Number of protein chains: 2
Amino acid sequence: MKIQKVTGDLTLKRSVDSGTEEQRATVQSIIHTVRSQGDRALRELTEKFDGARMFSLKVTQEEVNEAYEQLPKQMIDIIKEAADNIFTFHQKQLRQTWMYTDQSGSILGQKMTPLDSAGVYVPGGTAAYPSSVLMNVMPAKVAGVKRVVMVSPPGRDGRLPAGVLVAADIAGVKEIYKVGGAQAVAALAYGTETIRSVDKITGPGNIYVALAKREVFGDVDIDMIAGPSEIAVLADDTACPREIAADLLSQAEHDPRASSVLVTTSERLAEETAAEVERQLKELPREEIARASIDSYGSIYVAKDMEKAVETINQLAPEHLEIMTEHALQIVKDIRHAGAIFVGRYSSEPIGDYFAGPNHVLPTNGTARFSSPLNVDDFMKKSSIIMYSEQAYNKNYQKIAAFARLEGLEAHARAVEIRAEKK
Amino acid sequence: MKIQKVTGDLTLKRSVDSGTEEQRATVQSIIHTVRSQGDRALRELTEKFDGARMFSLKVTQEEVNEAYEQLPKQMIDIIKEAADNIFTFHQKQLRQTWMYTDQSGSILGQKMTPLDSAGVYVPGGTAAYPSSVLMNVMPAKVAGVKRVVMVSPPGRDGRLPAGVLVAADIAGVKEIYKVGGAQAVAALAYGTETIRSVDKITGPGNIYVALAKREVFGDVDIDMIAGPSEIAVLADDTACPREIAADLLSQAEHDPRASSVLVTTSERLAEETAAEVERQLKELPREEIARASIDSYGSIYVAKDMEKAVETINQLAPEHLEIMTEHALQIVKDIRHAGAIFVGRYSSEPIGDYFAGPNHVLPTNGTARFSSPLNVDDFMKKSSIIMYSEQAYNKNYQKIAAFARLEGLEAHARAVEIRAEKK
């Protein structure tokens with residue numbers, strides 16, 4: 001890994017992948033076809049793209065039962081325990097409706113209501129992660145969303161991976177459809193004979209899925225478009241190069257475009273970590289992917305002091321941040337931009353991916369500047385409540401009418417005045 | 001207004017305005033020009049579209065002072081009082097960072113951090129509303145956003161309306177630029193020599209502004225793309241047709257595409273309200289706009305009972321909902337989808353537009369199914385905190401490694417195991 005000194009400001013040059021003209025056109029055409037032809041289009045596109053001829057798109061209870069039989073009992077228990085931890089953490093995010101009465105007797109408030117329905121996209125093939133099923137579904141369940149639907153492209157055998165089905169069942173998903181790609185997003189957004197439309201679509205996917213989500217955004221809500229995964233480690237002289245290297249590589253193995261960065265105040269640590277990364281790389285089954293990622297997007301920055309190091313982290317706004325320093329928890333208050341912050345040596349990043357409880361769907365690509373981990377708020381919406389009292393009305397209606405007239409909106413002024421006329 | 005019985009489900013056919021191919025191309029070209037030419041492009045485009053030759057884009061303190069002199073003292077006081085009310089309500093939305101320690105001694109939490117910066121777009125001409133300045137800026141201020149920037153297209157005289165400048169000053173905006181359209185959005189998203197980029201762009205605008213916001217979404221955050229305004233009134237026999245008609249017309253005067261709907265259980269009220277709308281329409285200065293709106297998008301629905309009426313409202317998912325019935329507050333709990341809910345006869349909708357405190361930037365076009373009023377959360381983001389304890393690590397690392405291997409991610413498994421090896 002390249003070691004460099006932090007001199008000026010770090011600027012990230014990466015941007016959202018908007019796809020090619022051709023990809024955009026393909027996605028628009030698929031959406032149009034699904035809207036006009038419904039289930040028939042889903043079947044034809046699934047045969048075309050996934051090589052599976054589907055009689056029924058819906059996963060049966062039998063398939064779920066078989067999935068349970070395929071997984072070791074111990075693995076099922078681990079998934080259940082992870083689901084419990086995720087549930088517990090997300091429950092702390094749940095907010096209630098509130099109202100208050102002000103001095104004039106008016107009631108003001110904010111009503112919290114879960115979405116009616118949500119759809120979770122789960123990628124196919126090797127990216128079909130049971131953990132992602134839990135992380136996308138549990139916040140919706142905690143929010144109180146009644147109808148949570150899952151879609152995922154089947155293998156050539158017309159089936160979904162056992163781990164994915166078991167995770168979905170543990171998370172409480174009752175409706176699972178074997179369909180993927182832009183066609184699945186279109187079905188979730190606009191509905192077909194079999195799949196009723198939902199209010200929000202979440203979950204990762206390839207470029208076609210991402211473009212389809214962008215395309216339907218506004219008709220339904222979507223989560224952020226995820227980019228490649230990122231980790232930044234902030235470490236001082238007290239941290240362990242072997243552990244840092246292992247954590248950097250756990251991101252690097254995801255994707256050749258994943259980014260793994262160490263920011264440290266210690267030149268010794270920088271050098272030892274670089275050597276450790278090289279040593280551990282050779283032993284990885286996914287060495288090729290991890291090496292491509294480290295070569296292209298891996299960096300070690302040496303900062304002159306912890307203040308400069310922290311500022312560098314804030315410029316990176318990483319998806320995952322590990323703080324491995326003395327008094328690590330005290331540094332958290334200075335971190336302005338990071339999706340998830342892992343504090344201390346026992347908080348290896350995969351602990352958050354699978355088990356601790358906080359969500360692993362996190363803002364990538366520097367969007368931690370303005371975005372949050374997937375959370376319960378994403379599956380609820382607010383409605384303002386205004387119950388004006390007669391006293392407040394009498395005191396204020398002339399002011400409100402004056403304000404409306406300043407903006408040239410006479411009917412607004414009259415609407416508030418008309419209540420006074422009547423008396 | 002047309003009166004009809006509610007029979008089946010109501011489906012809204014409206015959709016997001018995605019603009020024409022030509023409009024999209026224009027916006028892409030403008031964004032490209034601003035990114036490559038900076039301030040020079042802003043000046044040229046402002047001369048081209050707004051007919052104003054600008055020496056300096058930034059509003060001076062002198063211009064703000066002059067604006068105060070142009071407004072009546074009483075009007076300034078009303079704007080200040082409205083700002084106070086908006087501040088008070090939005091403070092109740094402000095959430096704090098939380099952490100808890102679980103049984104194993106691990107610390108889990110959620111850190112709340114304001115965005116570093118936000119940009120507010122204020123439309124020009126007759127749609128330059130001081131109230132919108134307050135409603136967009138105050139939540140950002142309450143959130144703790146340090147840098148709030150405002151942009152608005154100047155008139156031919158190179159100036160902004162006094163009301164807008166005074167509202168911005170009262171709301172605490174220190175940076176105001178006289179530039180509008182897609183070029184202003186591009187400047188906020190990517191920065192120029194004069195305008196530093198921001199993390200989030202909010203505020204309404206014409207189709208070019210809306211398309212530009214869509215285009216930069218991902219590089220910065222945006223608020224929802226607003227559609228035409230909507231009101232639905234839910235009323236029983238106890239309500240007053242004159243007041244309902246006045247409130248319906250206060251929406252109708254905004255835009256020929258605005259939508260005003262009454263849902264009632266009373267046929268008498270339906271007929272009297274229709275007559276009142278006609279009578280009041282004739283007296284409005286903006287009669288032409290309001291009549292076009294009422295003719296195209298105005299409807300009165302008669303439902304067989306209150307349950308059916310409420311279900312109709314939930315299908316409409318209106319931006320504004322007024323409940324004028326007996327025991328109106330009790331009905332609020334049954335409303336699932338509405339941007340703002342106005343309860344009782346004194347809660348005329350313009351009270352919320354200007355003065356009561358809750359935000360008037362609300363989800364339109366049925367998006368209240370999944371969207372919220374602009375609020376303090378929109379200007380903050382969350383970061384998860386995970387500080388795993390040694391005890392939790394020892395108890396769980398093998399489970400986590402097993403989960404990682406189920407997903408085929410060996411480096412993830414090793415990263416958690418390596419902490420144990422060392423001991």
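Here are some questions and answers on a predicted model.

Q: How many helices and strands are there in chain A?
A: Chain A has 423 residues, and 62% of them count as buried. Its C-alpha atoms fill a box of roughly 85 × 60 × 45 Å along the principal axes. As for the elements, the count is 16 helices and 14 strands.

Q: What share of the contacts in chain A with a separation of 6 or more comes from residues 24 or more positions apart?
A: Take the chain A contacts with a separation of 6 or more as the pool. Within that pool, residues 24 or more positions apart account for 74%.

Q: Are the rings of Trp98(A) and Phe89(B) stacked, edge-to-face or tilted?
A: The structure holds eleven aromatic pairs over all chains, and Trp98(A) with Phe89(B) is one with ring centres 5.4 Å apart. Stacked needs planes under 30 degrees apart and edge-to-face needs over 60. The planes here sit at 45°, so the pair is tilted.

Q: Which elements do Trp98(A) and Phe89(B) lie in, and why does the pair join two chains?
A: Trp98(A) belongs to strand S2 (residues 98–101) of chain A, while Phe89(B) belongs to helix H4 (residues 73–91) of chain B, so the pair joins two chains. Phe89(B) has a relative accessible area of 2%, which makes that residue buried. The elements asked for are S2 of chain A and H4 of chain B.

Q: Which residues form one aromatic cluster with Phe89(A)?
A: Phe89(A) is in chain A, and its cluster partners are in chain B. They are Trp98(B) and Tyr100(B).

Q: Are Tyr393(A) and Tyr397(A) stacked or tilted?
A: Both tyrosines lie in helix H15 (residues 390–406) of chain A, four residues apart, about one turn of the helix. Both are buried too. Their ring centres are 5.0 Å apart with the planes at 10°, so the pair is stacked.

Q: Which ring does the charged end of Arg35(A) sit over?
A: A charge of this kind also turns up in chain B, where the end of Lys200(B) sits over the ring of Phe379(B), 5.8 Å from its centre. For Arg35(A), the distance to the ring centre is 3.6 Å, and the ring is that of Tyr190(A).

Q: Is helix H1(B) parallel, perpendicular or oblique to H2(B)?
A: The axes of H1 (residues 21–37) and H2 (residues 39–50) of chain B come within 6 Å and cross at roughly 140°. Roughly antiparallel would need over 145 degrees, and roughly perpendicular 65 to 115. That leaves H1(B) oblique to H2(B).

Q: How do the residues of the contact of H1(B) with H2(B) divide?
A: On the H1(B) side are Ile30(B), Thr33(B), Val34(B) and Gln37(B). They meet H2(B) residues including Asp39(B), Arg40(B), Leu42(B) and Phe49(B). The residues of this contact divide into six nonpolar, two polar and three charged.

Q: How many residues of helix H6(B) are buried?
A: H6 (residues 162–171) of chain B is mostly covered. What covers its buried residues includes helices H3, H4 and H5 and strands S5 and S6 of chain B. Of its ten residues, the number buried is eight.

Q: Which residue just after H12(A) takes a positive phi?
A: Helix H12 (residues 306–316) of chain A has buried residues, including Ile313(A) and Leu316(A). Strand S9 and helix H13 are among the elements covering them. Just after this helix, phi is positive at about 45° for Ala317(A).

Technical notes: Residues are numbered from 1 along each chain as its sequence is written. Chains are lettered from A and ligands numbered from 1 in the order in which they are written. This is a predicted model: local features need pLDDT of at least 70, side-chain atom pairs count only at pLDDT 80 or more; totals for chains, interfaces and linings use all residues. Side-chain values use heavy atoms; hydrogens and water are left out. Rings of Phe, Tyr and Trp (its six-membered ring) pair if their centres lie within 6.5 Å; planes under 30 degrees apart count as stacked, over 60 as edge-to-face and the rest as tilted. Buried means under 20% relative accessible area, exposed over 50%, partly exposed in between (1.4 Å probe, protein chains only). A charge sits over a ring if NZ of Lys or CZ of Arg is within 6 Å of the ring centre and within 35 degrees of the ring normal. Axes are lines fitted to C-alpha atoms, for helices over the stretch in contact, and angles run from 0 to 180 degrees between N-to-C directions. Angles under 35 degrees count as roughly parallel, over 145 as roughly antiparallel, 65 to 115 as roughly perpendicular and the rest as oblique. Contact means heavy atoms within 4.5 Å. Ala, Val, Leu, Ile, Met, Phe, Trp, Tyr, Cys and Pro count as nonpolar, Asp, Glu, Lys and Arg as charged, and the others, Gly among them, as polar.
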